[in-house]
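User: Hey, got a minute to walk me through this one? I'd like to start with what the words mean, then get to the details.

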Amino acid sequence: MLKVVQISFHADPAERAAEDLLNAWPTVVELAESAAAAGASVQVLQASRRPDQLRRGGIDYRFLPMAKRRDRLALLQLLQDDPPDLLHLQGLGFPAQASWLATELPGRPLLLQDRADQPARRWWRHLQSRRALASARGLLFCSREQAVPWQRQGLLKPPTRIYELPGSSSRFGVSDRLQARGATGLVGDPALLWVAHLDANKDPLTVLDGLALASEQLPGLKLWCCFDRAPLLEQVQARIAGDSRLAGRVQLLGRLPHAEIERWMNAADFLVQGSQRESTGYSVIEALACGLPLLVTDIPAFRALAGPEPVGRLWRAGDPYALHAALLALAGRPPSALRQAARQRFESELSPQALGRRLVSIYEDLLLP
């Protein structure tokens with residue numbers, strides 16, 4: 001059986017206990033369980049200031065300090081005592097650690113997965129990244145287009161292999177829409193759901209501008225906003241209060257427990273996102289799992305998730321008129337057909353089963369000469 005170790009050097013700043021951290025970072029669990037269900041033997045090594053070990057869903061998770069030299073030596077000893085066939089490292093932002101692993105464990109293919117990383121700007125970090133990426137046999141991006149900035153800076157060159165893979169999956173599912181509306185109190189014709197931070201990258205102000213334009217043709221339009229971090233909250237509130245087309249049309253729900261988002265996604269008509277850039281877009285995956293059609297920006301990650309025939313509409317980032325046109329184009333389409341197509345897209349390409357099959361296939365390809 002193919003033996004893989006998935007490693008993350010990113011320590012939890014909140015220093016949560018092991019079980020709490022896995023609940024807060026579902027991507028760690030999804031990647032491991034999906035690969036294991038597809039036939040791989042998977043162990044997860046997670047950087048943590050609170051050492052611990054647990055077994056969950058058939059996966060062994062070890063939480064280890066990794067910041068100091070003695071910590072890395074202990075990690076190396078662990079890998080040498082029970083050597084894997086392949087190392088899967090989370091993030092492109094740990095070049096020193098990636099190079100060290102490649103040097104100390106020669107012959108073990110190294111796979112690096114993008115986690116919203118950007119090419120280094122400082123020259124010495126650039127050199128570190130070039131060495132680390134050259135030592136990797138493969139790189140994972142949600143979309144191949146996301147590799148282009150790295151290639152332009154000369155950081156990615158053959159024979160390094162580039163693969164496409166969503167950053168995670170979801171356990172959300174479809175439930176009765178009327179019951180979900182009754183439970184949440186969500187109304188609107190159409191009812192749009194926002195699940196994202198209120199920050200410059202997510203660009204809620206452009207979304208509000210597009211909704212204001214569309215409200216003239218869609219008087220029943222409503223927007224419901226779930227968010228955590230909100231550096232633009234005051235600007236958003238001022239924009240809503242200052243435009244009669246938005247007043248009473250936008251509900252700022254704030255932070256909701258993650259489990260409740262599933263019900264809201266089953267109640268809404270479309271997921272709306274204004275992101276300028278994403279590594280994956282987990283709310284898009286969750287929306288498709290719930291059969292919720294998309295009204296999201298035309299960026300590489302969202303294009304990859306939405307597929308060649310997008311379920312919903314993609315619109316140009318930063319352009320409220322493009323959002324307006326996309327919303328009007330969707331408003332007259334039969335909702336049941338869109339919802340069915342959204343769920344079909346998830347099941348075929350983004351489900352845990354699909355993610356696991358693709359990931360194990362990538363692992364197997366990396367073992368080939």
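Analyst: Sure. A residue counts as buried when its relative accessible area is under 20%, as exposed when that is over 50%, and as partly exposed in between. Keep in mind that this is a predicted model.

User: OK, so where does C290 fall, buried or exposed?
Analyst: C290 has a relative accessible area of 0%, so C290 is buried.

User: And what's the closest cysteine sulfur to the one in C290?
Analyst: That's the sulfur in C226, and the distance is 12 Å, too far for a bond.

User: What about C225, which cysteine sulfur is closest there?
Analyst: Again the one in C226, with 7.7 Å between the sulfurs. A disulfide needs the two sulfur atoms within 2.5 Å, so C225 and C226 are too far apart for a bond. C225 is buried as well, because its relative accessibility is 5%.

User: How many disulfides are there in the whole structure, then?
Analyst: Zero, going by a search of the whole structure.

User: Let's zoom out. How many helices and strands does the chain have?
Analyst: The chain has 15 helices and 14 strands.

User: How does the radius of gyration sit with a compact globule?
Analyst: It agrees: for 369 residues a compact globule would be near 21 Å, and the chain has 22 Å. Along its principal axes, the C-alpha trace spans about 65 × 45 × 35 Å.

User: What share of the residues is buried?
Analyst: Buried residues make up 53% of the 369. On the outside, the chain exposes about 16600 Å², and carbon and sulfur atoms supply 50% of that area.

User: And the contacts, what part comes from residues 24 or more positions apart?
Analyst: Counting contacts with a separation of 6 or more, 72% come from residues 24 or more positions apart.

User: How many positive and negative side chains are there?
Analyst: There are 44 positive and 38 negative ones, and the centres of the two sets lie 5 Å apart.

User: Switching to helix α8. Where does it run, and what does T206 touch?
Analyst: Helix α8 covers residues 204–214, and T206 is part of it. Leaving out residues up to four places away in sequence, T206 touches W315, G318, D319, P320 and L323. T206 has a relative accessible area of 10%, so T206 is buried.

User: How far is T206 from R239?
Analyst: Their C-alpha atoms are separated by 10 Å, and the two residues are 33 apart along the chain.

User: D209 is in α8 too. What does D209 touch?
Analyst: D209 touches R239 and P320, again not counting residues up to four places away. P320 is on the T206 list as well. D209 counts as partly exposed because its relative accessibility is 27%. As for F302, its C-alpha atom is 21 Å from that of D209, with the two positions 93 residues apart in numbering.

User: What sits on either side of that helix?
Analyst: D203 is in the loop between β9 and α8, and S215 is in the loop between α8 and β10, which covers 222–226. S215 is in contact with L221, R245 and R249, leaving aside neighbours within four places. With 8% relative accessibility, S215 counts as buried.

User: What's the phi of D203?
Analyst: Near 60 degrees, a positive value in a residue other than glycine. D203 counts as buried at 12% relative accessibility. A116 also has a positive phi, about 60 degrees, without being a glycine. A116 lies in the loop between β6 and α5, and at 39% relative accessibility A116 counts as partly exposed.

User: Which residues are joined by cis peptide bonds?
Analyst: One such bond joins P158 and P159, with omega about 10 degrees. Another joins D189 and P190, with omega about 0 degrees. P159 lies in the loop between α6 and β8, while P190 is in the loop between α7 and β9.

User: Last one: where's A354, and what does A354 touch?
Analyst: A354 is in helix α15, residues 352–366. Apart from residues up to four places away, A354 touches E347, S348 and E349. A354 counts as buried, at 2% relative accessibility. The C-alpha atom of A230 is 34 Å from that of A354, and the two residues are 124 apart along the chain.

Methods: Residues numbered from 1 in each chain as written. Predicted model: local features only at pLDDT ≥ 70, side-chain atom pairs only at ≥ 80, totals over all residues. Heavy atoms only, no water. Helix = DSSP H or I, 4+ residues; strand = E, 2+ residues; numbered from the N terminus. Buried < 20%, exposed > 50% of the residue type's maximum accessible area, 1.4 Å probe, protein only. Contact = heavy atoms within 4.5 Å. Rg over C-alpha atoms; globule rule 2.2 N^0.38 Å. Areas by Shrake-Rupley, 256 points an atom, 1.4 Å probe, with all protein chains shown as cover. Lys, Arg positive; Asp, Glu negative; His and termini not counted. Charge placed at Lys NZ, Arg CZ, Asp CG, Glu CD.
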